[in-house]
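Reader: I would like to learn how to read a fold feature by feature. Could you walk me through this one?

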Amino acid sequence: MTSNIVLSNQEFSVVGTRPIRHDGTDKVTGRAQYGADINLPGLLFGKILRSPHPHARIRSINTSPALALAGVHAVVTSEDLPLASGRVVDLGEGAMTNPKFLSNNCLAAEKALYKGHAVAAVAADSVHLAEEALAMIEVDYEVLPPVNDVLDAMKADSPVLHERLATLSNPNLRPGGLRSEDDTGQGSNIANHFVFEIGDLEKGFQEADVVVEREYRTRAVHQGYIEPQSATALWNVDGNLTIWCSSQGHFNVRDQTANILRIPISKVRVIPMEIGGGFGGKTLVYLEPVAAALSQKTGRPVKVTMSRT
């Protein structure tokens, strides 16, 4: 049905026109470079070993068999990342972050907290060699009961994921923090509990003509961008780190990577590539600190690209 509504009688210089997309030619001709398109001299390929268990304590990781494979140049685990604080910090302009949680999501430390949680990474001459090396890493897991439901997770007898998780009551500290080492209080899965309300709610219910109450459940989802996560890192001998990645905020990548690796942000340069979709899913670091740690160990650039599974 055609609308006859007149939105404006005024001519604008931009609104209502068809301006040229300056990135259009490169994209339609295939010249545009995305995160996985980077190729550097001496490039190594990284792959990440992921936990098959949704909740498990990591007793030990034996990387020797993988390192013995010809063509494998380095293996990293959380032991290769600096010990991060569990205290919430502001990375700037209200970007509240828990460095320990962020670091442990890149490479699991004490526990694997979900199926697919990264536990180790390999850098090798080819992707196929790296995948072969992953199968040779020996991880000793103590499999623990998983927590699959948010309501069950809040019960007093629920398995606790983070033994020292602090329950906060501050909407500005949503990442959650950890209690002090000497705090022997009971553990909880509740990271934060806060309430937003305005006016007299009880009076509002009493005066309402109709009150509708429903309960809805949904599953965890992730953004459906076409381009997988990818990061290439080169840690130079002068201590400067360069990262090429697909990101929705290269300053976020710089600040988070520097925080995890405990190096000055002035030492980290992030070059954003073209982005094949993100929708909010490319605002945190996953691969960048791992690729950087592999590059530091090998002295060569390392590219890590996620698969679609």
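**Helix packing, a buried glutamine and a sheet**

Author: Gladly! Let us begin with helix 8, whose buried residues are Glu288, Pro289, Val290, Ala291, Ala292, Ala293, Leu294, Ser295 and Thr298. Please keep in mind that this is a predicted model.

Reader: What does that list say about helix 8 as a whole?

Author: Residues count as buried under 20% relative accessible area. Nine of the eleven residues of helix 8 are buried, so this helix is largely enclosed by the rest of the structure. After helix 8 comes Gly299, with a positive phi near 75 degrees.

Reader: How do I describe the packing of two helices?

Author: In general, two packed helices are described by the angle between their axes and the distance between the axes. Here, helix 7 and helix 8 (residues 288–298) pack at about 55 degrees, and their axes are 9 Å apart.

Reader: Are helix 7 and helix 8 oblique or parallel to each other, and which residues meet?

Author: Angles under 35 degrees count as roughly parallel, and 65 to 115 as roughly perpendicular. Helix 7 and helix 8 are therefore oblique to each other, and their crossing is right-handed. On the helix 7 side, Val253, Thr257, Ile260 and Leu261 meet Glu288, Pro289 and Ala292 of helix 8.

Reader: Let me pick one residue of helix 7. Is Gln256 buried or exposed?

Author: Gln256, which lies in helix 7 (residues 250–261), counts as buried because its relative accessibility is 5%.

Reader: And what does Gln256 touch?

Author: Leaving aside residues up to four places away in sequence, Gln256 touches Leu91, Leu102, Thr283, Leu284 and Val285. With Val285 there is a polar partner to look at: a polar atom of the Gln256 side chain lies 3.0 Å from the backbone nitrogen of Val285.

Reader: Now the sheet. What is the order of its strands?

Author: The open sheet has seven strands in the order 3-7-1-14-11-12-13, with mixed pairing. Strand 3 (72–76) and strand 13 (268–272) stand at the edges with a single partner strand each, so one side of each has no neighbour in the sheet. From one strand to the next, the twist averages 20 degrees.

Reader: How many bridges join strand 12 to strand 13?

Author: Five bridges join strand 12 (residues 241–245) to strand 13, and the two run parallel. Trp244, for instance, has Ile271 in strand 13 as its bridge partner.

Reader: Which helix packs on the sheet?

Author: Helix 4 (residues 127–134) packs there, touching strand 1 (44–50), strand 3 and strand 7 (118–124). The direction of helix 4 makes about 30 degrees with that of strand 1.

Terms used:
Residues numbered from 1 in each chain as written. Predicted model: local features only at pLDDT ≥ 70, side-chain atom pairs only at ≥ 80, totals over all residues. Heavy atoms only, no water. Helix = DSSP H or I, 4+ residues; strand = E, 2+ residues; numbered from the N terminus. Buried < 20%, exposed > 50% of the residue type's maximum accessible area, 1.4 Å probe, protein only. Polar contact = N/O pair within 3.5 Å; in protein donor to acceptor, adjacent residues only side chain to side chain. Contact = heavy atoms within 4.5 Å. Pairing = 2+ DSSP bridges. Axes fitted to C-alpha atoms, helices over the stretch in contact; angles between N-to-C directions. Parallel < 35°, antiparallel > 145°, perpendicular 65-115°, else oblique. Left-handed = near helix turned anticlockwise from the far one by under 90°.
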